[in-house]
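Q: Please take a close look at one part of this model, the open sheet and the helix that packs on it. I would like a connected account of how the strands are arranged, followed by a brief comparison with other parts of the chain.

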Amino acid sequence: MRILIKGIQDERFHRPLTLISNLFFEETELVFDEESSLSVSFDIKDRGDSAAITGVLSAEGREYRTGHSKSLDPLTSDKERFKQIKNTLAHVYLMLLQEHTGIIQQWGILTGMRPVKLLHKMLQEGMSKEAAHTRLRDEYLITDQKIRLMQSIVDRQLKVIPDLYELGREISIYIGIPFCPTKCAYCTFPAFAMNGKQGRVDSFLGGLHYEMEEIGKYLKESGIKITTVYYGGGTPTSISAEEMDMLYERMLAVFPDVKQIREITVEAGRPDTITPEKLDILKKYSIDRISINPQSYTQETLKAIGRHHTVEETIEKFHLARRHGMNNINMDLIIGLPNEGIEEMAHSLAETEKLMPESLTVHTLSFKRASEMTQNKKRYKVASREETSKMMDLAVDWTTENGYEPYYLYRQKNILGNLENVGYALEGQDSLYNIMIMEEQQTILGLGCGAASKFRHPETGKIAHFNNPKDPKSYNDGYKHYTEEKIRIMKELFGVREQV
Ligand code: SF4
């Protein structure tokens with residue numbers, strides 16, 4: 001869809017306008033001096049203490065007109081001022097496109113990944129719940145249903161982590177193991193099919209052990225505590241039981257106060273990697289939160305997306321994990337996988353009901369640019385916006401009826417129906433790491449392949465990123481450098497404790 005935009009001089013507004021357009025149309029192109037059947041003309045008046053924006057949309061001989069204004073604090077920074085004007089512009093544009101298409105965007109002008117963080121921020125700044133909700137509704141155009149969801153998630157998070165806002169001087173650790181038995185079609189994670197390339201796995205684990213030792217040493221010296229640890233990937237249970245044993249033994253030896261860590265999770269995502277030996281190793285190190293991810297309980301779907309395991313295998317491995325003492329199991333489902341509709345979703349939920357995992361994460365399919373599925377989009381038939389939304393409603397009803405509550409939420413670009421991914425948990429079974437990573441209240445150190453570190457300044461909350469390389473070869477060549485860099489940044493943020 002090509003849209004002619006008039007009245008916008010500042011190029012910094014182009015991207016936000018494109019993001020809003022993409023909520024309504026596939027592959028939008030904004031043009032500024034070419035004719036088009038759909039055009040929007042803006043008039044921005046910046047009066048110093050307020051900004052007033054009007055917009056007129058013309059299409060197929062019809063015209064819609066709307067406006068919005070925002071008071072501005074003359075003492076506010078230029079950056080904040082730009083943000084407020086940008087939001088006002090997005091507000092006007094969204095109203096026009098909603099009117100034109102008849103589609104209501106439940107998340108309003110929010111196109112980012114972490115809507116709940118916005119509500120946390122308002123509450124942390126001292127705003128009352130009512131004032132925050134009014135702002136989310138009137139300025140950001142978020143629907144009441146989604147505001148209620150945001151608030152219930154905030155309440156739940158503060159119940160399970162009452163000191164959430166005070167954890168800025170602790171950190172969480174993410175450990176990325178970049179291997180999987182085979183590669184799934186929708187996957188953009190750093191996941192390399194192992195195919196007997198043991199040499200590569202050995203060198204990778206050598207590098208990872210080094211990183212853990214050096215980082216552990218720094219944390220001990222600086223008195224920095226670890227809140228949670230999460231092994232992800234890839235599939236961390238792709239490596240052998242012996243390799244897992246050595247890895248966790250190292251963690252115990254080198255990380256500070258491992259007994260005080262509030263939660264250690266290992267993604268056992270692919271059921272085809274789970275064995276009794278590996279479950280015994282997890283138990284040996286008191287790791288009892290794992291993820292076993294069915295994604296769907298329809299066999300043809302698993303085949304279509306390249307997951308080389310069966311539905312029976314998922315169920316079997318779930319029971320095996322239970323027999324081996326795993327008492328906090330998460331399962332993931334994805335709404336909108338190819339050829340799936342309401343019937344398949346209802347079936348997946350009915351199967352989940354037979355297992356009752358402690359937590360269930362309901363993802364909505366997103367077309368990530370680098371995945372096989374996106375590159376061959378025409379080969380995959382996916383549900384319409386309406387059907388996707390009904391599938392989501394089904395998941396919401398099912399979780400409510402079965403005693404699960406939403407505890408974290410995030411959104412992705414190109415997500416079907418502009419919906420969201422929601423983690424639900426039974427009472428007291430929420431994943432603390434998921435909350436920490438979403439709400440950005442502390443630093444997350446990423447070790448291993450493809451691991452992204454997010455450094456959060458303990459006082460200002462400012463965030464900086466640092467990424468380890470995604471492919472094992474570059475990691476193996478440069479892990480010492482990546483470790484040094486992270487310690488350097490940590491020293492800048494947290495300082496170094498004087499040795500006595
Ligand atoms: S199991 Fe997960 S990480 Fe591995 S290829 Fe599939 S989606 Fe990617």
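A: The account below begins with the sheet, turns to the helix, and then moves to the rest of the chain.

The model is a predicted one. Its open sheet is built from 5 strands in the order β2-β1-β3-β4-β5, with mixed pairing. At the edges stand β2 (29–31) and β5 (62–71), each of which pairs on one side only. On average, neighbouring strands of this sheet are turned by 25 degrees against each other, direction ignored.

Both senses of pairing can be followed strand by strand. Strands β1 and β2 run parallel and are joined by 3 bridges; within this pair, Leu4 has Val31 of β2 as its bridge partner. Strand β3 (residues 38–46) and strand β4 (residues 50–59), by contrast, are antiparallel and share 9 bridges. Here Val40 is placed opposite Leu57 in β4.

The side chains of β1 alternate between two faces. Ile3 and Ile5 point to one face and are buried, whereas Arg2, Leu4 and Lys6 point to the other and are not buried. In general, such alternation between the two faces of the sheet is what a regular strand shows.

Helix α1 packs on this sheet and touches β1 (2–6) and β2, its direction making about 135 degrees with that of β2. Leu17 illustrates the packing from the side of the helix, since this residue lies in α1 (residues 14–24). Which residues does Leu17 contact, leaving aside its neighbours within four places in sequence? They are Ile5, Leu30 and Tyr93. Ile5 is one of the buried residues of β1, and Leu30 falls within the edge strand β2 (29–31). Although Leu17 and Leu30 are 13 residues apart along the chain, their C-alpha atoms are separated by 8.3 Å. Leu17 counts as buried because it has 20 C-beta neighbours inside 10 Å, and 20 or more is the criterion for a buried residue.

The chain as a whole is divided into domain 1 (1–103) and domain 2 (161–493). The centres of the two domains, taken over C-alpha atoms, are separated by 37 Å.

Strand β12 (residues 328–335) offers a counterpart to β1. In β12, 8 of 8 residues are buried. Asn328, Asn330, Asp332 and Ile334 point one way, and Ile329, Met331, Leu333 and Ile335 the other way, all of them buried. Strand β12 also has parallel partners: strand β11 (residues 289–291) pairs with β12 over 3 bridges, and strand β13 (residues 359–364) does so over 6 bridges. Ser291 has Asn330 as its bridge partner in β12, while Ile334 stands opposite His363 in β13.

Beyond β12, Asn339 is found in the loop between β12 and α11 (342–355). Its phi is near 65 degrees, a positive value in a residue other than glycine. Asn339 counts as partly exposed because it has 14 C-beta neighbours inside 10 Å. Asp257, in the loop between α7 and β10 (263–267), likewise has a positive phi, of about 40 degrees, although it is not a glycine. Asp257 is exposed, with 10 other C-beta atoms within 10 Å.

Finally, the peptide bond from Gly233 to Gly234 is cis, with omega near 20 degrees. Gly233 and Gly234 are also among the residues that surround the ligand, a group including Cys180, Lys183 and Arg270. The shell around the ligand comprises 5 nonpolar, 4 polar and 2 charged residues.

Key
Residues numbered from 1 in each chain as written. Predicted model: local features only at pLDDT ≥ 70, side-chain atom pairs only at ≥ 80, totals over all residues. Helix = DSSP H or I, 4+ residues; strand = E, 2+ residues; numbered from the N terminus. Buried ≥ 20, exposed ≤ 12 C-beta atoms within 10 Å, placed from the backbone. Contact = placed C-beta atoms within 7 Å. Near = placed C-beta within 6 Å. Nonpolar A, V, L, I, M, F, W, Y, C, P; charged D, E, K, R; others polar. Domains from an automatic or database assignment. Pairing = 2+ DSSP bridges. Axes fitted to C-alpha atoms, helices over the stretch in contact; angles between N-to-C directions.
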